[in-house]
Amino acid sequence: RTRTGKPLMPKYGIFSVILDAFMNGIIEDALLVPVSINYEKLVDGNFIREQLGQPKEMETFGSAMKSIWHVLNSNYGMARIDLNQPISLRELVKTFNNGKVQNNIVFPKRLQSNPSTTSLYGTDIVSEELKHLVEKISKHVLYDGARSTSVMSTNAIAFLLMHKYRQGGSLNELAAALDELRDELDNKQKDVGFSGNSHDVVLHAVDMLGSSLVAKETKNNECFIRPAVVLPNVIELNYYSNTLVNYYCLEATIAIALNSMDTQLGTVSEEELVEASLDICNLLQYEFIFCKPCQDLESAIIDCIEDMIMYQDVFVSNSSNIRDAERGRKIAQQFLDDSDEEYHVSKQLKINNSEKVKEYILYIGSLIAPLIESYSVTAFCMDKLIGQSLAESVLIAEIIDEMKEQLNTGSIYYDESVSSDSIKNAFKLFQTWEILECQTERKRRLYNLKQSHDNHESVRALIHRIDKYRYSFIHLIMCVFV
């Protein structure tokens, strides 16, 4: 249950208790079963107020009864519950601990601690070894659950309207796009929670989403469907779309990374593309789990690049580059004094500059571009903390006001960039980067810049680190639409 439709990063309390019991021999093993639940229509609210930074309204008896009556007299469509293959905790510990599960290897001594209601890990004292295992295992379970979530009709149509037909499209265009999406999901071995003719699925999903999110009209004697991509309605539409964004987040990072690079020569270094993609994954580490913790992220990015070559023709085969690189390696090797030293030549990728590929890069990059815009504005507002501390609620309100102002002036392209959740995740990131500090005072969170970053130069450096991805993509949008 999230306010964005994307999986939240896991909380580690229950996992730490189970893992502690296993590592100390209280239980021999535990089977972890990732379960995902999805449904066609939101039941318990759309969280628009909270996303726009407004405080949560306290529920009264009257409002609760009104909500129950509304639910009982509304059509919420279908729901899907997917249960994954059970995972052995013992096998996961072996995987993440180099095949070792003995207590005396992982934990030199047992840490005695009382359960805590405030600790992220469920206890007040947790060893670093336990933290490492708990984080890896919980992210593994969350990854499996999120990636197996069935795509409902409303998810698919909201996704297409948000990222391919933002200005609207005819029923025939949407049905054809849905056919393509269903084929893609089938190739990715993702399950869909609907069946039937795509024309019927589109009309059903539009009705389920409702007229406040999607408008139907007749245009040139044809049914034309237009999404509400302005605040506040776009926040709810984005919620439905985000189920699918989770499936394509790695491709999206590569698209954004590629667009930020110098491509005037028509080629890019695969090594530099991977490095830029890793930097974006680092930037969005609190938004997505890009691969299973037991996998290497760099290898996952390289595999994804290969898939983009094979299925999307983003890069074209360039065998001469490979031959030249090999020839250069052999020549350079002759001049190396140390025969054991290896000369490395980065693989060059030749870019396919067709209009189809440009449209694909724009489409797939748009999946995470709103998040980058949100992080960029949050970084821009860090100068408000120079020389002072601000309460979290005050700081978020000021950032949202700045986002709305930039939206009005056209500096922000995506209305869904205005989101308190992405702002809070940016705060977590800046703390991880040791730029921001958070302190609790009288149950209020206060933020301030670390002493070494409490100056305009550090804030400008932070802004530049994010803006190089933000503005290069906005430039692509302008080029394609012009």
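This passage describes a pocket, a set of paired strands and a helix pair in a predicted model. Local features need pLDDT of at least 70, side-chain atom pairs count only at pLDDT 80 or more, and totals for chains, interfaces and linings use all residues. Residues are numbered from 1 along each chain as its sequence is written, and side-chain values use heavy atoms, without hydrogens and water.

Strands (DSSP runs of E, at least two residues) and helices (H or I, at least four) are numbered from the N terminus. Two strands pair if DSSP finds at least two bridges between them. Strand 6 (residues 214–219) runs antiparallel to strand 7. Six bridges join them. Lys219 stands opposite Glu222 in strand 7. The two strands form a hairpin with two residues between them. In its turn, Asn220 has a positive phi of about 55°. Strand 7 (residues 222–227) also pairs with strand 5 (residues 169–170), in the antiparallel sense, over two bridges. Here Ser170 stands opposite Phe224.

Helix 16 (residues 392–409) packs against helix 17 (residues 420–432) at an angle of about 120°. Their axes (lines fitted to C-alpha atoms over the stretch in contact, with angles from 0 to 180 degrees between N-to-C directions) lie 10 Å apart.

The second largest pocket (an open set of points on a 1 Å grid over the protein atoms alone, where a 1.4 Å probe fits, with protein on both sides within 12 Å along at least five of seven lines) is lined by 50 residues. Lining residues have an atom within 4 Å of a point. Glu184, Tyr248, Tyr360, Tyr363 and Ile364 lie nearest the pocket centre.
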